[in-house]
Amino acid sequence: MAIKIIMLVLFFAVMMGVGVYSRNKAKNVNDYVLGGRTVGPWISAFAFGTSYFSSVVFIGYAGQFGWKYGLSSTWIGIGNALIGSLLAWLILGRRTRVMTQKLDAKTMPEYFGKRFDSQSLRIVGSIIAFIFLVPYTAGVYNGLSRLFGMAFNIDYRICVIVMALLTGAYVVIGGYMATALNDFIQGIIMLIGICAVIGSVLAGQGGFLNAVKELSMIPADAAVTTSALSESQGLFASFFGPDPLNLLGVVILTSLGTWGLPQMVHKFYAIKDEKAVKTGTVVSTFFAFIIAGGCYFLGGFGRLFAGYSEIYKPDGTVAFDSIVPTMLSTLPDLLIGIVVVLVFSASMSTLSSLVLTSSSTLTLDLIKPVLKKDMKEKTQLRLMQILVMCFIILSVVIAFNPPMFIAQLMGVSWGALAGAFLAPFMYGLYSKKITKASVWASYIVGVGFTVLNLFVPIIKSPINAGAATMIAGLIIVPIVSLITPKPDKQKIDEIFTCYDETVIVHKTQSLEE
């Protein structure tokens, strides 16, 4: 216990130290929200990666999908790296940085408002972002509950309150730069921690080969939903697992979803220069391979712990959120301490991004344009800091009594946000033909279907429902744009001049004569 507490205290001290160090770099709105658009490659890459992966992935998703799909759940991590990180940086990174600077947009709703010349889109977008970021934040807290129950045997509400206060403190003090620097430190802890945990868990099962052998002997039971595979053996140790189609839905949601999440895309706004884009792309992808791939790979061995009573509810069904904590409970105290810091790092990095995004969106896109257009910059800054704490308090209240288990909570949040924002954001960076009406259509489909599916389950799994809303948006936006009034050509041409500006670079970056 002493080891665990000492490690946590040191961790907390470093986080607060970074917050105090960054306070002089958060004296105006641009610096507080975007770090002055001067964030370098490694910090940008780690900020993107650590915001991507939290306790939701490590505790919730790895446990649930590792149990359902076995080792094939590793494909989710691979998809996260290739689609959620590599392609996101290649397709969105540079263009997002250039256009948002041209529009002077600091948030995703502000981008929609200025790109499509609609204050209503901006206001409604801010409301959607605020509402659906709350359950995601609650899911992050909920992921910690199982871990702390295992590691400290105390009421996790105390830990949630401590974590909330600490995160709120360094975000309020240092803004985006404090968040990004802490993300870098937390990312290093996550890389070391996940490698140590995987090695120890497999060693406890007689090594990798023996663990795979044991896994291959477990029958597929009710997890098999594809009739063609119903009589197959060794599905949990196979390449595509017992349910490839549903596995694909999870890959789409958790990978493509990052393209439309405000707190993820926000990282591209703050990139410093071209070098930061190129280096950030490589580093972020590598980080995702190790963290996401490692988490789902570890979760794939969850069924080897089926003999532990801790992973079952009183009615005999599996408590997915208890699987990974049960796996970790067999580790030595020092490694459990590392795991606690690992999950705290993952959770705090995500939480800080969420609260900063929510407070800035509510201030800049709802309160300022609707209630007080002439709000002074100092007032905006103070209001954002107050809203950081309000958002944290609200999410803590929900976390104390979460409505569903972690993966479902995150599925609802990602489905609504990415379903509403992904398609119009991406198309808006590339095409002059995307219309205001198509953005409204994407809002309606993304949010409307997600909410409807909660009360009338058209698609039983919130995960697959979320994936469906994203794909629907990618189809609906161009179709609606074809049949609705076109935007003002002169205004759109002016916006797109940002891509035509001539820049001079060294030959180390370009071989053009």
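Me: In this predicted model, buried means under 20% relative accessible area. By that cut-off, is Phe 112 buried or exposed, and what about Tyr 443?

Reply: The model is a prediction rather than an experimental structure, and a residue has to stay under 20% relative accessible area to pass the cut-off. Phe 112 meets it, and Tyr 443 does too, so both residues count as buried.

Me: Let's stay with rings for a moment. How are Phe 65 and Tyr 69 arranged, stacked or edge-to-face?

Reply: The model holds 24 aromatic pairs. In the one formed by Phe 65 and Tyr 69, the ring centres lie 6.0 Å apart with the planes at 10°. Planes under 30 degrees apart are classed as stacked, so the arrangement of Phe 65 and Tyr 69 is stacked.

Me: Where do Phe 65 and Tyr 69 sit along the chain, and what separates them?

Reply: Both Phe 65 and Tyr 69 are buried. They belong to helix α4 and are four residues apart, so the separation is about one helical turn.

Me: Now back to Phe 112 and Tyr 443. How many residues apart in sequence are the parts that this pair ties together?

Reply: Phe 65 and Tyr 69 are stacked, with planes at 10°. Phe 112 and Tyr 443 make an edge-to-face pair, at 5.9 Å centre to centre and 85° between the planes. Since Phe 112 is in helix α6 and Tyr 443 is in helix α17 (residues 436-455), the pair ties together parts whose distance in sequence is 331 residues.

Me: Which residues form one aromatic cluster with Phe 112 and Tyr 443?

Reply: The pair of Phe 112 and Tyr 443 is edge-to-face. Both residues belong to one aromatic cluster, where they are joined by Tyr 111, Phe 116, Phe 421, Phe 425 and Trp 440.

Me: What about the largest nonpolar core: which helix gives it the largest share?

Reply: This core has 149 residues, and those touching the most other members include Phe 53, Phe 58, Tyr 111, Phe 112 and Phe 301. The largest share, 19 residues, is given by the helix spanning residues 156-204, which is α8.

Me: And what does Phe 301 touch, beyond residues up to four places away in sequence?

Reply: Phe 301 is among the core members that touch the most others. Its list of partners holds Leu 71, Leu 202, Phe 208, Ala 211, Val 212, Leu 215 and Met 327.

Me: Are there enclosed spaces, and which element gives the largest share of the lining of the largest cavity?

Reply: Two cavities reach 30 Å³ or more, and the largest holds about 50 Å³. Its lining residues include Met 108, His 266 and Thr 361, and α6 (108-115), α11 (262-269) and α14 (333-371) each give two or more residues. With three residues, the largest share comes from α14.

Me: How many nonpolar residues line the second largest cavity?

Reply: The second largest cavity has a volume of about 30 Å³. Among the residues lining it are Phe 53, Phe 58, Ile 291 and Leu 342, and α4 (55-69), α12 (274-299) and α14 each supply two or more. The lining has no charged residues and one polar residue, while the number of nonpolar residues is eight.

Me: How many charged residues line the largest pocket?

Reply: The largest pocket has a volume of about 640 Å³. It is lined by 18 residues, and Arg 94, Asp 273 and Glu 274 are among those nearest its centre. The elements giving two or more residues are α5 (74-103) and α12. Seven lining residues are nonpolar and two are polar, while the number of charged ones is nine.

Me: Is Ser 44 buried or exposed?

Reply: Ser 44 is in helix α3 (residues 41-52). Leaving aside neighbours within four places in sequence, it contacts Val 39, Trp 89 and Ile 271. Its relative accessibility is 1%, so Ser 44 counts as buried.

Me: One last puzzle: what is the phi of Asp 104?

Reply: Most residues other than glycine have a negative phi. Asp 104 lies in the loop between α5 and α6 and is partly exposed, with a relative accessible area of 40%. Although Asp 104 is not a glycine, its phi is positive, at about 55°.

Methods. Residues numbered from 1 in each chain as written. Predicted model: local features only at pLDDT ≥ 70, side-chain atom pairs only at ≥ 80, totals over all residues. Heavy atoms only, no water. 1 Å grid on protein atoms, 1.4 Å probe; cavity = no way out; pocket = protein on both sides within 12 Å on 5 of 7 lines; lining within 4 Å. Points joined across faces, edges and corners; volume = space filled by probe spheres on them. Nonpolar A, V, L, I, M, F, W, Y, C, P; charged D, E, K, R; others polar. Buried < 20%, exposed > 50% of the residue type's maximum accessible area, 1.4 Å probe, protein only. Core = buried A, V, L, I, M, F, W, Y, C linked by side-chain atoms within 4.5 Å. Contact = heavy atoms within 4.5 Å. Phe/Tyr/Trp six-rings, centres within 6.5 Å; stacked < 30°, edge-to-face > 60°.
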